[in-house]
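Let's take a walk through this protein together, with the coordinates open beside the text. We will begin at one residue and work outwards from there.

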Amino acid sequence: MRSDLASLPGSPERPNEDWVAAALPASGGGGTVVLLDGVTPPVGDDGCVHSVPWFTARLGGALTELSASRPDMPLSEILSLAIRRTADAHRGTCDLSHVRTPQATVVLARWNASSVEHLVLSDSVLLLESPDGAVRAVLDDRLDRVPVEILRSHEATDRLRNQEGGFFTAAADPAVAARAVTGSTPRAEVRSLAALTDGASRWVELFGQGDWADCLGVLREEGALGLLHRVRALEAADVRAGGVRRWKPHDDATAVHTELGDG
């Protein structure tokens, strides 16, 4: 069992708001992967005295500890408890009811000898590779369903944030865990898995350089950092061509790839 991970900030002027961890027990009998993409708030009040990296570090740390130490607890309950713990850490200093309170996307995967569990909330991606090389992408596509013209307005986006008919992220309400995409796959049907923030998944979703199987092939051959360098080169070329296709020409980009073996 082997795990490879890498993360690059979108800009040297801003801290990296992504967070990633892989925990592989010494017995080799299982493990967990946690990946978060902190949501960059618009300039202005968000009701919190803490930064997004503060939030993702605490939520990510809680998710890693709980998913590794509580095999009896479903991933949705782990996310709920981790959100509650993180909220309690700044409830006394911050307005956690603010719509822009620090928040993040979540990918959580955990495996043992019999199964691979998964949880995805918002627009980060989990890839599951079968022994024959087929790759399944686990996606929460609710943000993708929001029209682009709405997302261009901070106020219009706020009206859909963590609301029915909109999209959901991990913020301060533990109940959001019930909105995550969850499931389980027999361990024998998963050879490897990978998690990507949307800054890394641009290789497929924005630049169309290949499909998810191709992306996992890059991770296997060039490593997580190799994929991120490919994305940065594509972004730089896009900027030079005057074709910046999204609000950020560069985004924080994080990837983790874990080889589970043949089960």
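A good place to start is Ser122, which counts as buried because its relative accessibility is 3%, against a cut-off of under 20%. Please keep in mind that this is a predicted model. Ser122 sits in the loop between strand E5 (115-121) and strand E6 (125-129). What is the phi of Ser122? It is positive, at about 75 degrees, although Ser122 is not a glycine. Most residues other than glycine have a negative phi. If you select the surroundings of Ser122 and set aside residues up to four places away in sequence, you will find that it touches Thr105, Asp140, Leu143, Phe168 and Thr169.

A second residue invites the same kind of look. Asn162 also is not a glycine, yet has a positive phi of about 55 degrees. Asn162 belongs to the loop between helix H4 (154-160) and strand E8 (181-186). Is Asn162 buried or partly exposed? With a relative accessible area of 24%, Asn162 is partly exposed, because the buried class ends at 20%.

Let's stay in that loop for a moment. Arg161 is found in the loop between H4 and E8, and it counts as buried because its relative accessibility is 10%. Which residues does Arg161 touch, once those up to four places away in sequence are left out? They are Val39, Val99, Gln103 and Phe167. Further along, Gly166 has its place in the loop between H4 and E8 too. Gly166 is buried, with a relative accessible area of 7%. Not counting residues up to four places away in sequence, Gly166 touches Arg142 and Leu160. For a sense of distance, try measuring from Gly166 to Gly29: these residues are 137 apart along the chain, and their C-alpha atoms are separated by 39 Å.

For another pair that is far apart in sequence, go to Arg85 in helix H2 (residues 75-90). The C-alpha atoms of Arg85 and Ala172 are separated by 9.3 Å, while their positions lie 87 residues apart along the chain. Arg85 counts as partly exposed, since its relative accessibility is 40%. Leaving aside neighbours within four places in sequence, Arg85 is in contact with Glu65 and Leu66.

Now for a whole element. Helix H5 (residues 198-205) is largely enclosed by the rest of the structure, because seven of its eight residues are buried. Which residues of H5 are these? The buried ones are Asp198, Gly199, Ala200, Ser201, Arg202, Trp203 and Val204. They pack against strand E3 (31-38), E6, strand E9 (192-196), H6 and strand E10 (253-259).

Of those partners, H6 deserves a closer look. The axes of H5 and helix H6 (residues 212-240) come within 9 Å and cross at roughly 105 degrees. The two helices are therefore roughly perpendicular to each other, because crossing angles of 65 to 115 degrees fall in that class. On the H5 side, the contact is made by Gly199, Ala200, Ser201, Arg202, Trp203, Val204 and Glu205. On the H6 side, the contributors are Trp212, Asp214, Cys215, Val218, Leu227, Leu228, Arg230, Val231, Leu234 and Glu235. How many of the residues in the contact of H5 with H6 are nonpolar, polar and charged? There are 10 nonpolar, two polar and five charged residues.

Finally, let's zoom out to the whole chain. Its secondary structure comes to six helices and 10 strands. The radius of gyration is 18 Å, close to the 18 Å that the globule rule gives for 263 residues, so the chain is as compact as a globular protein of that length. If you align the view to the principal axes, the C-alpha trace spans about 50 × 50 × 35 Å. Of the 263 residues, 51% count as buried. The chain exposes about 11,500 Å², and carbon and sulfur atoms supply 51% of that area. Which share of the contacts between residues at least 6 apart in sequence joins residues at least 24 apart? For the protein chain, the share is 70%.

Terms used: Residues numbered from 1 in each chain as written. Predicted model: local features only at pLDDT ≥ 70, side-chain atom pairs only at ≥ 80, totals over all residues. Heavy atoms only, no water. Axes fitted to C-alpha atoms, helices over the stretch in contact; angles between N-to-C directions. Helix = DSSP H or I, 4+ residues; strand = E, 2+ residues; numbered from the N terminus. Parallel < 35°, antiparallel > 145°, perpendicular 65-115°, else oblique. Contact = heavy atoms within 4.5 Å. Nonpolar A, V, L, I, M, F, W, Y, C, P; charged D, E, K, R; others polar. Buried < 20%, exposed > 50% of the residue type's maximum accessible area, 1.4 Å probe, protein only. Rg over C-alpha atoms; globule rule 2.2 N^0.38 Å. Areas by Shrake-Rupley, 256 points an atom, 1.4 Å probe, with all protein chains shown as cover.
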